[in-house]
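User: I have a structure open and would like to go through the reasoning behind the labels people put on it. Could you take me through it step by step?

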Amino acid sequence: MQNFAAIDFETANNARSSICSVGVVIVKNGEIVDHFYSLVRPIPNYYNYYYTQVHGIEPHDTIHAPTFPTVWAEIEKLIIGLPLVAHNKAFDESCLKKVFEEYGMIYPNYLFYCTYQAARRHFPHARNHQLHTISALCGYQLAHHHHALADAEACAWIAKEIL
């Protein structure tokens, strides 16, 4: 793949609609040309302790953050005409669909590709197919795992290598 948008969401709690941060990396002609990161005030607006331990985002970080529709309006401009790529698209795509539903937004049926599924085919003997493992196998060292922009960049790197 030469042109795509790698995307990653972090959530505040068990609700897939509870996006609290988003990272997007734009790849055109096989090169990273743009990126976007934002905190998001989650819906519902509460944090599960476990999730905070994973990504480090707390309620005070997002209390004044923009809501998803405001953030998505910025992202939408960047991803026009591009397929989306996520590592474990089942999670990220379901988050996107749920938050669209929560806000009464019409979901435009984005074309999604999955680097996790591709990695299982491409690296069948890897010790696991987690983002940090596969990104390392593709020559990318993921330094800030569970930061949405860092994870989106790792996903972009993987996609450039194996999709």
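Analyst: Happy to. Phenylalanine 4 is a good place to begin: leaving out residues up to four places away in sequence, it touches Val25, Ile26, Val27, Leu82, Pro83, Val85, Ala156, Ala159 and Lys160. Keep in mind that this is a predicted model.

User: Why is phenylalanine 4 called buried?

Analyst: The cut-off for buried is under 20% relative accessible area. Phenylalanine 4 has a relative accessible area of 0%, so it is buried. This residue is found in strand E1, and its C-alpha is 8.4 Å from that of valine 25, 21 residues away in sequence.

User: What makes strand E1 count as covered on both faces?

Analyst: In general, side chains in a regular strand alternate between the two faces of the sheet. On one side of E1 are Phe4, Ala6, Asp8 and Glu10, on the other Ala5, Ile7, Phe9 and Thr11, and all of these are buried. Put as a count, 8 of the 8 residues in E1 (residues 4-11) are buried.

User: How do you know that E1 pairs with strand E2?

Analyst: Pairing takes at least two bridges between the strands. E1 and E2 (residues 19-28) are joined by 8 bridges and run antiparallel. One example is isoleucine 7, whose bridge partner in E2 is valine 24.

User: And what makes E1 and strand E4 a pair?

Analyst: The requirement is at least two bridges, and E1 and E4 (residues 84-86) have 2, in the parallel sense. Alanine 6 stands opposite valine 85 in E4.

User: How is E2 joined to strand E3?

Analyst: Here 8 bridges link E2 to E3 (residues 31-39), and the strands run antiparallel. Isoleucine 26 stands opposite aspartate 34 in E3. E2 and E3 form a hairpin with 2 residues between them, and asparagine 29 in the turn has a positive phi of about 50 degrees.

User: Staying with E2, why is serine 21 called buried?

Analyst: Serine 21, found in strand E2, has 0% relative accessibility and therefore counts as buried, the limit being under 20%. Its contacts beyond four places in sequence are Asp8, Phe9, Glu10, Tyr37, Ser38, Leu39, Val40, Ile57 and Ala148.

User: Why is lysine 160 called partly exposed?

Analyst: Partly exposed is what falls between buried, under 20%, and exposed, over 50%. Lysine 160 is at 26% relative accessibility, so it counts as partly exposed. Lysine 160 lies in helix H7 (residues 148-162). Neighbours within four places in sequence aside, it is in contact with Phe4, Val27 and Gly30. Its C-alpha is also 6.2 Å from that of methionine 1, although the two are 159 residues apart in sequence.

User: What makes up the largest nonpolar core?

Analyst: It has 24 residues, and those with the most contacts inside it are Ile7, Val22, Val24, Trp72, Ile79, Leu96 and Tyr110. E1, E2, helix H3 (68-79), E4 and H4 each supply at least two residues of this core, and H3 gives the most, with 5 residues. There is also a second, separate core of 13 residues, including Ala119, Ile134, Tyr140 and Ala150.

User: Which residues does leucine 96 touch?

Analyst: Not counting residues up to four places away in sequence, leucine 96 touches Phe9, Phe68, Trp72, Leu84, Tyr107, Tyr110 and Phe112.

User: What lines the largest pocket?

Analyst: The pocket holds about 530 Å³ of space. Its lining has 22 residues, and the closest to its centre are Glu10, His87, Asn88, Phe91 and His146. By class the lining has 8 nonpolar, 9 polar and 5 charged residues. E1, helix H1 (49-55) and helix H4 (89-102) each supply at least two of the lining residues.

User: Why are asparagine 88 and histidine 146 called partly exposed?

Analyst: Asparagine 88 has a relative accessible area of 35%, so it is partly exposed. Histidine 146 is at 28% relative accessibility, so it counts as partly exposed too. Both values fall in the range set by the 20% and 50% limits. Asparagine 88 is found in the loop between E4 and H4, with phi near 80 degrees, a positive value in a residue other than glycine. Histidine 146 lies in the loop between helix H6 (131-137) and H7, and its phi is positive as well, near 75 degrees.

How values were computed: Residues are numbered from 1 along each chain as its sequence is written. This is a predicted model: local features need pLDDT of at least 70, side-chain atom pairs count only at pLDDT 80 or more; totals for chains, interfaces and linings use all residues. Side-chain values use heavy atoms; hydrogens and water are left out. Buried means under 20% relative accessible area, exposed over 50%, partly exposed in between (1.4 Å probe, protein chains only). Helices (H or I, at least four residues) and strands (E, at least two) are DSSP runs, numbered from the N terminus. On a 1 Å grid over the protein atoms alone, a cavity is a set of points where a 1.4 Å probe fits but cannot get out, and a pocket is an open set with protein on both sides within 12 Å along at least five of seven lines; lining residues have an atom within 4 Å of a point. Grid points are joined across faces, edges and corners, and a volume is the space filled by probe spheres set on the points. Ala, Val, Leu, Ile, Met, Phe, Trp, Tyr, Cys and Pro count as nonpolar, Asp, Glu, Lys and Arg as charged, and the others, Gly among them, as polar. A nonpolar core is a set of buried Ala, Val, Leu, Ile, Met, Phe, Trp, Tyr and Cys residues joined through side-chain atoms within 4.5 Å. Contact means heavy atoms within 4.5 Å.
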